[in-house]
Amino acid sequence: KINDNIVAINYYLLSNDTLHFYQSGWDEQNFAKLSPSLFLHYWSITHCPKKHYDFMMGGLNNNYKAKFNANVPPMINLMVIKSPVKIFFSGKI
């Protein structure tokens with residue numbers, strides 16, 4: 001908040017030992033130059049109530065989240081196509 005105006009917010013999911021970043025939102029019209037996502041991640045990491053903080057980063061190319069020197073385990077995408085005739089699983093690492 002700045003002067004009681006909400007500037008930005010991050011939404012999270014919790015698991016046993018991890019705070020998972022889900023999505024964010026901010027007032028782009030009035031506060032875009034503040035880079036609220038970076039500041040909110042910094043605040044959340046500093047005040048994280050769990051053992052781990054998961055950026056849910058996706059790609060690393062030119063990603064501001066990579067500047068935090070995060071551990072980046074392989075990400076798995078799973079697509080399930082269900083039809084009356086067959087079920088098809090496709091996974092990528």
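**The pocket lining**

Task: Find which element gives the largest share of the lining of the second largest pocket, and sort the lining residues into nonpolar, polar and charged.

Solution: Start with the ground rules. This is a predicted model, where local features need pLDDT of at least 70, side-chain atom pairs count only at pLDDT 80 or more, and totals for chains, interfaces and linings use all residues. Residues are numbered from 1 along each chain as its sequence is written, and side-chain values use heavy atoms, with hydrogens and water left out.

Step one is the word "pocket". On a 1 Å grid over the protein atoms alone, a pocket is an open set of points where a 1.4 Å probe fits, with protein on both sides within 12 Å along at least five of seven lines; a lining residue has an atom within 4 Å of a point. A cavity, by contrast, is a set of points that the probe cannot get out of.

Step two: list the lining. Here you'll find Lys1, Ile2, Val7, Ala8, Leu34, Pro36, Phe39 and Leu40.

Step three: look for the main contributor. Helix H2 (residues 36-46) supplies the largest share, with three residues. Helices (H or I, at least four residues) and strands (E, at least two) are DSSP runs, numbered from the N terminus.

Step four: sort by type. Ala, Val, Leu, Ile, Met, Phe, Trp, Tyr, Cys and Pro count as nonpolar; Asp, Glu, Lys and Arg as charged; the others, Gly among them, as polar. The tally is seven nonpolar, no polar and one charged.

Step five: add the volume, about 160 Å³. It's the space filled by probe spheres set on the grid points, which are joined across faces, edges and corners.

**The whole chain**

Task: Work out the pattern of helices and strands along the sequence, and find which element has the lowest mean pLDDT.

Solution: Count first: the protein has two helices and five strands. Now read along the sequence, and you get β-β-α-α-β-β-β.

Next comes pLDDT, the predictor's confidence in each residue, from 0 to 100. The protein's mean is 75, with 62% of residues at 70 or more. Strand E5 (residues 87-92) sits lowest with a mean of 57, while strand E1 (residues 8-14) is highest with 88. Where pLDDT is low, don't read the predicted coordinates in detail.

**Two positive phi angles**

Task: Is Asn3 buried or exposed, and what is its phi?

Solution: Locate Asn3 in the segment before E1. Its phi is near 50°, a positive value in a residue other than glycine. For the cover, use the cut-offs: buried is under 20% relative accessible area, exposed over 50%, partly exposed in between (1.4 Å probe, protein chains only). Asn3 has 70% relative accessibility, so it counts as exposed.

Now try Asp4. Asp4 also lies in the segment before E1, and its phi is positive too, at about 65°, although it isn't a glycine. At 68% relative accessibility, Asp4 counts as exposed.

**Who touches Leu19?**

Task: Which residues is Leu19 in contact with, leaving aside its neighbours within four places in sequence?

Solution: Contact means heavy atoms within 4.5 Å. Place Leu19 in strand E2 and check its cover: with a relative accessible area of 9%, Leu19 is buried. Its contacts, sequence neighbours aside, are Tyr12, Leu13, Leu14, Cys48, Pro49, Lys50, His52, Tyr53 and Asp54. One of these, Lys50, is 31 residues away in sequence, yet its C-alpha lies 6.1 Å from that of Leu19.

**Compare Asp17 and Tyr11**

Task: Where is Asp17, and where is Tyr11?

Solution: Take Asp17 to start. You'll find Asp17 in the loop between E1 and strand E2 (18-26), partly exposed with a relative accessible area of 34%. Beyond its neighbours within four places, Asp17 is in contact with Lys50, Lys51 and His52. Its C-alpha is 8.8 Å from that of Pro49, which is 32 residues along the chain.

Then turn to Tyr11, in strand E1 and partly exposed at 40% relative accessibility. Again setting aside neighbours within four places, Tyr11 is in contact with His20, Phe21, Tyr22 and Gln23. Ser24 is 13 residues from Tyr11 in sequence, and the C-alpha atoms of the two are 5.9 Å apart.
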